[in-house]
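Work through the exercises below with the model open. Each one sets a task and then solves it step by step.

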Amino acid sequence: MKKMSFDFENSEQQIKSWKILIADDELEMHTITKLVLNNVTFLGKPLEFISTYSGKQTREIIRENPDIALILLDVVMESSTSGLDIVKYIREELGNSLVRIIFRTGMPGNAPEREVINDYDINDYKEKTELTAAKLYTTVIAGLRNYRDLLITRQSERNTEKLMLYFRHVIESMLSGVMVIDSDYNIEIYTHQVLDFISSPVTGDICTMNIFKVLPFFSDYKKEIDEVLANQCRLEKMMIPVGKKIVNLIFCPLKEIGNRVVIRVDDVTALIEKERQLMYLQKLEMVSTLAAGVVHDFNNILGGISGAASLLEFQTERRDDLILMNACDYYENLGLISKAVLKATELSKKLLSLSKDNISEMKCINLADVLVAATNVCKVSLNHSVKIKTIVNCENAKIKGDSNSLEQMLLNLFINASHAMTIMRGDDKSLWGGTLTVTLDYKNADVVSEFGIQTDGGYVLSVADTGVGMSEETKGKIFEPFFSTKKKSDGTGLGLLMVQNIINGHGGFLDIKSQPGVGSEFRIYLPIYEEKSE
Ligand SMILES: Nc1ncnc2c1ncn2[C@@H]1O[C@H](COP(=O)(O)OP(=O)(O)O)[C@@H](O)[C@H]1O
Ligand SMILES: [Mg+2]
């Protein structure tokens with residue numbers, strides 16, 4: 001986060017003069033004090049005097065002027081305890097702990113210095129006779145300095161409170177639930193969103209409560225919390241089912257302030273549902289594109305079947321000649337029919353494989369199998385002007401993944417490649433054609449880590465075409481939802497978004513090279529499956 005500076009108000013700057021209250025029933029005390037302090041300034045600001053002559057009047061003035069900096073307070077006025085009562089009134093009833101109070105007494109025996117200074121919240125105690133002009137000056141300036149320091153402290157306390165409130169509002173405005181727990185797993189602070197994850201009723205504030213009691217699903221992540229506490233590392237747990245919700249959990253250490261863990265809970269249920277719907281839409285689009293290719297082949301096969309069948313029909317209708325009919329011809333036609341039916345069945349099987357549902361299941365799979373399955377579908381459904389070349393350099397490419405979605409990812413890339421070599425060249429079919437080269441390779445850790453994958457190594461699936469290629473401008477937009485340079489009937493602009501999503505979900509990385517007029521290559525890096533991490 002960027003460091004910022006806050007422009008907080010500064011109460012010292014707002015002060016125009018230092019208000020000094022002289023509370024004394026002796027008129028001369030007022031005159032002398034003002035005479036001595038005449039023209040005195042403190043920090044460039046003048047002193048302003050207010051005079052009161054009785055306890056009652058003093059209380060009123062103090063109540064009305066909470067910004068009085070210092071009081072020169074006579075102990076004995078209408079009663080022998082007037083001054084003492086006023087101190088209590090100021091500190092306890094008005095709650096004003098800021099104003100500096102200097103006792104001035106003409107009768108020290110009445111209110112002994114030691115007792116008064118111990119029992120009353122005052123700042124200085126002076127006998128009137130001891131207060132020479134110089135001493136009065138020193139006492140008042142020292143008192144004002146003290147008042148100024150308190151003002152600054154108070155201001156900085158207020159600014160800290162404001163800052164806390166500021167961050168509180170920022171955090172509360174997020175959709176995430178955030179809380180901090182201490183090393184005994186007790187909740188210290190939390191945002192209201194956290195309450196949405198509490199399944200059983202809890203009475204009162206959850207502050208200071210044990211996280212495992214309030215949010216039992218965290219018991220499964222005690223190991224993670226302990227690890228964050230011990231190693232000060234950050235951990236993430238994605239797609240955790242909690243009741244009917246799915247959440248992402250992030251655990252971060254709070255090193256600077258004791259041993260604590262910040263936990264973020266993000267409800268991703270709606271997001272996943274939307275993604276699932278988008279995935280479904282995209283799949284429908286992909287299947288219909290592939291099916292259109294298959295239909296062409298299907299029609300050819302059906303043509304073959306009906307040709308052979310009508311020949312048989314023609315021959316069997318002429319019963320007289322039946323015996324004359326060449327048995328070879330008869331069986332040849334039947335054979336043609338069953339071959340065609342077999343081919344059609346094969347085709348429909350491949351199409352059917354696309355209709356597998358979207359439920360993803362991450363398990364150990366062989367990328368080579370996924371690649372073969374996807375190319376098999378393409379062989380029957382892509383435009384026949386496109387040659388398909390498959391190069392598998394590692395037969396056993398184990399990754400942790402979901403074959404359905406990886407197949408969907410490959411098919412999307414294959415369709416794009418095929419389009420780049422056909423319809424994207426224009427309507428003139430004589431210009432159509434090219435080679436789609438699909439390669440599966442192993443790359444060691446050094447190569448893979450360049451792409452931000454931290455594993456022992458990984459597999460690279462390359463899908464390269466000799467099609468129209470992409471301009472830099474197009475390349476910059478291809479992952480935007482609904483970006484497509486194709487006719488409406490040929491593309492919806494969701495394919496590459498889906499490809500990117502699937503790769504992200506597998507902790508992989510996509511690298512694209514493309515040159516207009518030459519072709520494009522999409523390379524997918526996927527981390528190797530490491531059994532020890534299971
Ligand atoms: N292999 C490729 N060669 C050239 N352009 C491509 C290739 N793959 C994708 N594109 C460009 O990226 C755009 C977005 O692709 P995609 O998200 O799959 O949507 P769609 O295929 O529905 O247009 C395409 O419209 C096309 O302009
Ligand atoms: Mg596409």
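**Exercise 1. A parallel pair**

Which residue in E15 does Ile-391 stand opposite?

Solution. The model is a predicted one. Start from the pairing: E13 and E15 run parallel, joined by seven bridges. Now find Ile-391 and look across to E15. Thr-439 stands there, opposite Ile-391.

**Exercise 2. The sheet around that pair**

Place E13 and E15 in their sheet, and give the strand order, the edges and the twist.

Solution. Step one is the order. The sheet is open and has five strands, E13-E15-E16-E18-E17. Its pairing is mixed. Step two is the edges. Strand E13 (386–392) and strand E17 (509–515) are the edge strands, and each pairs on one side only. Step three is the twist. From one strand to the next, it averages 15 degrees.

**Exercise 3. An antiparallel pair**

How many bridges join E15 to E16, and which residues stand opposite each other?

Solution. Take strand E15 (residues 434–444) and strand E16 (residues 457–465). Nine bridges join them, and the two strands run antiparallel. Then locate the partners. Thr-437 of the pair stands opposite Ala-464 in E16. Lys-443 stands opposite Gly-458, also in E16.

**Exercise 4. A helix on the sheet**

Find the strands that H12 lies across, and give its angle to E16.

Solution. List the strands first. H12 lies across E13, E15, E16 and strand E18 (519–527). Then take the angle. H12 runs at about 30 degrees to E16.

**Exercise 5. Two helices crossing**

Describe how H12 meets H15: distance, angle, handedness and residues.

Solution. Begin with the axes. Those of H12 and H15 come within 9 Å and cross at roughly 145 degrees. The crossing is left-handed. Next, list the contact residues. H12 supplies Ser-405, Leu-406, Gln-408, Met-409, Asn-412, Leu-413 and Asn-416. H15 supplies Gly-495, Met-498, Val-499, Ile-502 and Ile-503. Finally, sort the residues of this contact by class. Seven are nonpolar, five are polar and none is charged.

**Exercise 6. The shell around ligand 1**

Which residues come nearest to ligand 1, and which element gives the largest share of the shell?

Solution. Around ligand 1 there are 23 residues. Asn-416, Ala-420, Ser-484, Gly-491 and Gly-495 come nearest. Now go to the elements. Helix H12 (403–421) and helix H15 (495–505) are those that give two or more residues to the shell. H12 has the largest share, four residues. Close with the classes. The shell has nine nonpolar, twelve polar and two charged residues. Asn-416 and Gly-495 also belong to the contact of H12 with H15.

**Exercise 7. Domains in contact**

Divide the protein into domains, then describe how domain 3 touches domain 4.

Solution. The bounds are domain 1 (11–164), domain 2 (174–267), domain 3 (276–353) and domain 4 (357–527). The contact takes 17 residues from domain 3 and 16 residues from domain 4. Look at the domain 3 side. The elements that give two or more residues there are helix H9 (269–317) and helix H10 (327–354). H9 gives the most, with 14 residues. By class, this side of domain 3 has eight nonpolar, four polar and five charged residues.

**Exercise 8. A six-stranded sheet**

Why is one side of E2 and of E6 left without a neighbour in the sheet?

Solution. Write down the order: E2-E3-E1-E4-E5-E6, an open sheet with mixed pairing. Strand E2 (41–42) and strand E6 (124–127) stand at the edges. Each has a single partner strand, so one side of each has no neighbour in the sheet. Check E2. Two bridges join E2 to strand E3 (residues 45–52), and they run antiparallel. The bridge partner of Phe-42 in E3 is Lys-45. Last, add the helix. Helix H2 (residues 27–36) lies across strand E1 (18–23), E3 and strand E4 (68–74), at about 150 degrees to E1.

Technical notes: Residues are numbered from 1 along each chain as its sequence is written. Chains are lettered from A and ligands numbered from 1 in the order in which they are written. This is a predicted model: local features need pLDDT of at least 70, side-chain atom pairs count only at pLDDT 80 or more; totals for chains, interfaces and linings use all residues. A residue is near a molecule or strand if its C-beta atom, placed from the backbone, lies within 6 Å of it. Ala, Val, Leu, Ile, Met, Phe, Trp, Tyr, Cys and Pro count as nonpolar, Asp, Glu, Lys and Arg as charged, and the others, Gly among them, as polar. Two strands pair if DSSP finds at least two bridges between them. Axes are lines fitted to C-alpha atoms, for helices over the stretch in contact, and angles run from 0 to 180 degrees between N-to-C directions. Two residues are in contact if their C-beta atoms, placed from the backbone, lie within 7 Å. Domain bounds come from an automatic or database domain assignment. A crossing is left-handed if the near helix is turned anticlockwise from the far one by less than a right angle, and right-handed if clockwise.
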